[in-house]
Amino acid sequence: MEIAFFDNLAVNGKSFLHNASTLSKFIFTAIIINCVIISRGINELIFIAVLQSVLIIAIRLPIKRIFMAAFNPMFFSLVFAVTKYPPFGYDSLLVLLKTFSAVLSVLILISATPFTELFSLLGHFLPSIITDALFVTYRSIFILIQQLDNHLTIMKIRGGFNGGFINSIKNFSSLLGLVIIRSIDLSERMYHILKIRGYKGKIYSGKSFLVFNKQDIVSYILAVGTIMAVILL
Amino acid sequence: MSHLHIPDGVIDPIWLILGYILTGLVIFICINKIRKRNEEGKMALLGVMGAVMLLAMSVPLGFIPFHINLTALSGIILGPNYGFLAAFIVNLILAFLGHGGITVVGLNTLIVGSEALFGWLFYNILKRFLTRRTSAGISALIAIIISGLLVICVISITNLEPEMVFHLHEGHSLSDNLHQHSNSIYAFALTVSPIILLGGAIEALITSLIVSYIRKVKPDILK
Amino acid sequence: MNEIVRVSGIRHVFPDGTNVGIKGIDFSAEQGEKIAILGHNGSGKSTLLNTILGIITPLEGEISVFGVNPSREYSKIWHKIGVVFQNVDEQIIGPTVWDDIAFSMRNYGYKEDQINDAVENILMEIGIYHLKDKIPHYLSGGEKKKIALAGALVMKPQLLLLDEPLDGLDPQSKTYILNLLINKNQEFKMTIIFTTHDYSTAHYIADTIYTLEGGKINIKR
């Protein structure tokens with residue numbers, strides 16, 4: 001699953017961006033996305049995409065895999081771009097480039113920042129029930145993914161996806177039903193243990209909100225450079 | 001895919017802000033209702049169902065080029081308040097993965113959250129007359145069609161740029177501009193409708209089969 | 001000595017209809033006692049622990065923990081109990097190892113400097129200080145087990161409940177953890193109840209060994 005892949009990159013990375021503070025990375029991403037949104041020309045967008053590609057290589061992320069992940073969500077933009085500006089012209093390309101760069105921005109962010117740190121940061125702005133549920137979602141994904149993988153493998157070995165479309169859908173649904181039942185049991189056990197450990201409506205993270213370090217400077221320089229480029233190009 | 005997650009760069013900033021404000025308001029109402037009903041104990045279930053939705057989306061149905069997301073089913077299991085919160089959580093995480101823009105989380109949550117709400121609503125109405133399995137399937141299909149229509153509406157409204165109405169270029173009338181706009185929306189709707197319908201039908205079938213399985217193995221979940 | 005736990009003749013029916021009964025002699029634990037519950041898979045060991053915790057409300061039988069019925073008055077006793085479940089993945093919830101170990105102390109309103117001292121000490125004692133900033137789910141099963149144990153011990157609980165605590169640990173870690181538990185027990189008279197299917201482990205640490213077989217509880221030592 002993509003979330004596990006990117007989280008692994010974030011946890012094991014050692015680059016300046018990995019070591020920068022979460023808040024700075026968040027601000028950097030927000031600036032780039034805003035530049036992408038307000039851009040009205042192909043030149044600016046190509047500049048941003050090139051800058052992002054150089055950054056991906058510089059911080060030693062797998063560029064091919066990240067580009068693949070960035071192309072997947074572009075289906076909607078393609079439909080939108082073709083139908084709004086038929087058949088396919090300058091404006092269509094503009095829409096596609098905007099989506100591509102915006103997706104790259106968040107993929108760079110999650111490749112350099114573990115999800116737990118992002119959730120801790122968001123915890124300062126979101127209601128605690130949502131932040132806590134985000135932590136539980138994150139933990140549960142890693143617990144359930146293993147179960148789901150095992151079930152899928154067994155299902156394939158036992159021929160669960162042979163025997164036609166209806167049979168495959170039926171078996172796949174039973175498998176999901178099983179995962180849901182196990183998930184609900186898991187949530188009950190998790191809630192019990194949370195209560196036993198004194199949970200009173202907030203999972204605390206010791207991380208402070210306003211933390212900056214030397215590594216942040218590079219991301220701010222890049223952000224300012226992008227703003228200048230968007231203005232000048 | 002049975003869902004269309006709107007990416008960044010397609011919608012004007014003013015609509016994005018409005019989307020966030022509306023989503024914030026709905027979240028505020030949902031959390032208040034949860035607190036009034038003392039339902040905070042379902043927090044872990046909310047988190048785990050969010051994980052299930054994300055996992056369901058990640059499973060490629062090798063035999064067809066779609067993915068499902070079980071939002072209507074989550075609405076049935078979690079109820080409308082937690083269902084909406086689950087939609088927010090899933091959209092937020094998906095936005096970090098590039099599926100749906102980070103600036104569009106507000107609007108996407110309203111769209112996907114409506115699916116949880118309508119899934120829950122129609123299921124509870126239909127189960128009085130039909131079997132739970134059939135009710136779940138039909139309610140999932142209706143909910144997906146409604147959320148699909150909402151996507152078309154959002155794209156239609158948010159792309160009606162103010163300049164188009166107020167700053168008319170020489171030789172172009174307001175009706176010309178609106179006509180051009182409605183043509184592009186019509187083309188957009190025509191392209192995405194089969195996707196929504198086919199994806200919706202598959203998700204409805206799977207939802208109904210999952211409910212059937214749960215009824216056999218652990219019926220108390222659906223009480 | 002103070003009696004901490006007493007369980008007699010409980011029977012519980014799970015939602016799927018599975019009926020688990022524990023008949024025979026009364027199960028009891030006194031302050032400072034180290035108790036092992038031996039039994040095969042499905043013998044009811046976890047049901048017994050969950051009943052003591054108050055997670056399960058039995059249909060029949062008497063149960064008292066710190067003098068109260070745990071399923072009704074759990075809020076009065078949970079802060080005195082540390083627990084490590086069989087699947088520790090489900091109980092580690094903090095974003096980092098440090099956050100998870102500090103979880104209970106923060107919830108029960110300890111001051112930040114008290115928390116820092118206690119977490120630092122327990123990390124050192126259990127030998128996982130180097131993991132303090134790590135994200136838990138990337139660690140090995142054995143390391144997670146140690147984190148869960150640290151999270152339970154940091155509160156200096158009066159009663160420590162451990163469900164198969166040594167599963168997934170290498171022999172060296174097993175011995176280390178067993179000796180640590182013995183030390184903790186002596187240090188602050190902590191009552192320890194743990195389930196296992198390994199007789200040698202039970203024999204090594206326990207003052208009293210109960211066996212569970214076919215729904216019947218017996219005392220072995």
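This is a short walk through a predicted model, going from its chains to its cavities, salt bridges, backbone outliers and one surface patch.

I'll start with the chains. Chain A has 11 helices and zero strands. Read from the N terminus, the order of elements in chain A is therefore simply α-α-α-α-α-α-α-α-α-α-α, given the helix and strand runs as assigned. Along the principal axes, the C-alpha atoms of chain A fill a box of roughly 60 × 50 × 30 Å. Of the 233 residues in chain A, 56% are buried.

Chain B also comes without strands: eight helices and zero strands. From the N terminus, that reads α-α-α-α-α-α-α-α. Chain B has 223 residues, and buried residues make up 57% of them.

One residue from the interior of chain A, before I move on. S111(A) sits in helix α7, which covers residues 90-112 of chain A. Is S111(A) buried or exposed? Its relative accessibility is 0%, so S111(A) counts as buried, the cut-off being under 20%. In sequence, S111(A) is 94 residues from L17(A), yet the two C-alpha atoms are 9.5 Å apart in space.

Next, the cavities. Searching the whole structure gives eight cavities of 30 Å³ or more. The largest cavity has a volume of about 90 Å³. Which residues lie nearest the centre of that largest cavity? They are R197(A), I81(C), G82(C), S104(C) and G151(C), out of 14 lining residues. Two elements of chain C give two or more residues each to this lining, namely β6 (81-84) and α5 (141-153). By type, the lining of the largest cavity divides into eight nonpolar residues, five polar and one charged.

On to salt bridges. Over all chains, the structure holds 15 of them. I'll pick out a few that involve chain C.

The first I'll show is K144(C) with D89(C), where the closest N and O atoms are 3.0 Å apart. This pair links distant parts of the chain: K144(C) is in helix α5 of chain C, while D89(C) is in the loop between β6 and α3 (97-107), 55 residues apart. Both K144(C) and D89(C) are buried.

Another is K184(C) with E125(C), again with the closest N and O atoms 3.0 Å apart. Here too distant parts of the chain are linked: K184(C) lies in helix α6 (residues 171-188) and E125(C) in helix α4 (residues 112-126), 59 residues apart. How do K184(C) and E125(C) compare in burial, buried or exposed? K184(C) has a relative accessible area of 4%, so K184(C) is buried. E125(C) has a relative accessible area of 29%, so E125(C) is partly exposed.

K184(C) has a further partner, since its side chain also meets that of E187(C) in a salt bridge (3.8 Å, N to O), inside the 4 Å cut-off. K184(C) and E187(C) both lie in helix α6 of chain C, three residues apart, which is about one turn of the helix. Going back to the earlier pair, salt bridges that share partners join R139(A), D89(C) and K144(C) into one network.

Now two backbone points. Which residues have a positive phi without being glycine? One is L70(B), with phi near 60°. L70(B) lies in the loop between α2 (43-58) and α3 (71-78) of chain B. At 1% relative accessibility, L70(B) counts as buried.

K156(C) is another, with a positive phi of about 45°. K156(C) is found in the loop between α5 and β7 (159-163) of chain C. Its relative accessible area is 54%, so K156(C) is exposed, the cut-off being over 50%. Of these two loop residues, then, L70(B) is buried and K156(C) is exposed.

Last, the surface. Which residues make the nonpolar surface patch of about 510 Å²? The patch is made by V224(A), I227(A), M228(A), I231(A) and L232(A). I231(A), one of them, has its place in helix α11 (residues 216-232) of chain A. With a relative accessible area of 60%, I231(A) is exposed.

That is the tour. If we put the model on the screen, I would go back to two places. One is the network that joins R139(A), D89(C) and K144(C). The other is the largest cavity, with R197(A) and G151(C) among the residues nearest its centre.

Conventions:
Residues are numbered from 1 along each chain as its sequence is written. Chains are lettered from A and ligands numbered from 1 in the order in which they are written. This is a predicted model: local features need pLDDT of at least 70, side-chain atom pairs count only at pLDDT 80 or more; totals for chains, interfaces and linings use all residues. Side-chain values use heavy atoms; hydrogens and water are left out. Patches are made of residues with over 30% relative accessible area and no salt bridge: like charges are joined within 9 Å, nonpolar side chains (Val, Leu, Ile, Met, Phe, Trp, Tyr) within 5 Å. Accessible areas come from the Shrake-Rupley method with a 1.4 Å probe; for residues, only the protein chains shown count as cover. Helices (H or I, at least four residues) and strands (E, at least two) are DSSP runs, numbered from the N terminus. Buried means under 20% relative accessible area, exposed over 50%, partly exposed in between (1.4 Å probe, protein chains only). On a 1 Å grid over the protein atoms alone, a cavity is a set of points where a 1.4 Å probe fits but cannot get out, and a pocket is an open set with protein on both sides within 12 Å along at least five of seven lines; lining residues have an atom within 4 Å of a point. Grid points are joined across faces, edges and corners, and a volume is the space filled by probe spheres set on the points. Ala, Val, Leu, Ile, Met, Phe, Trp, Tyr, Cys and Pro count as nonpolar, Asp, Glu, Lys and Arg as charged, and the others, Gly among them, as polar.
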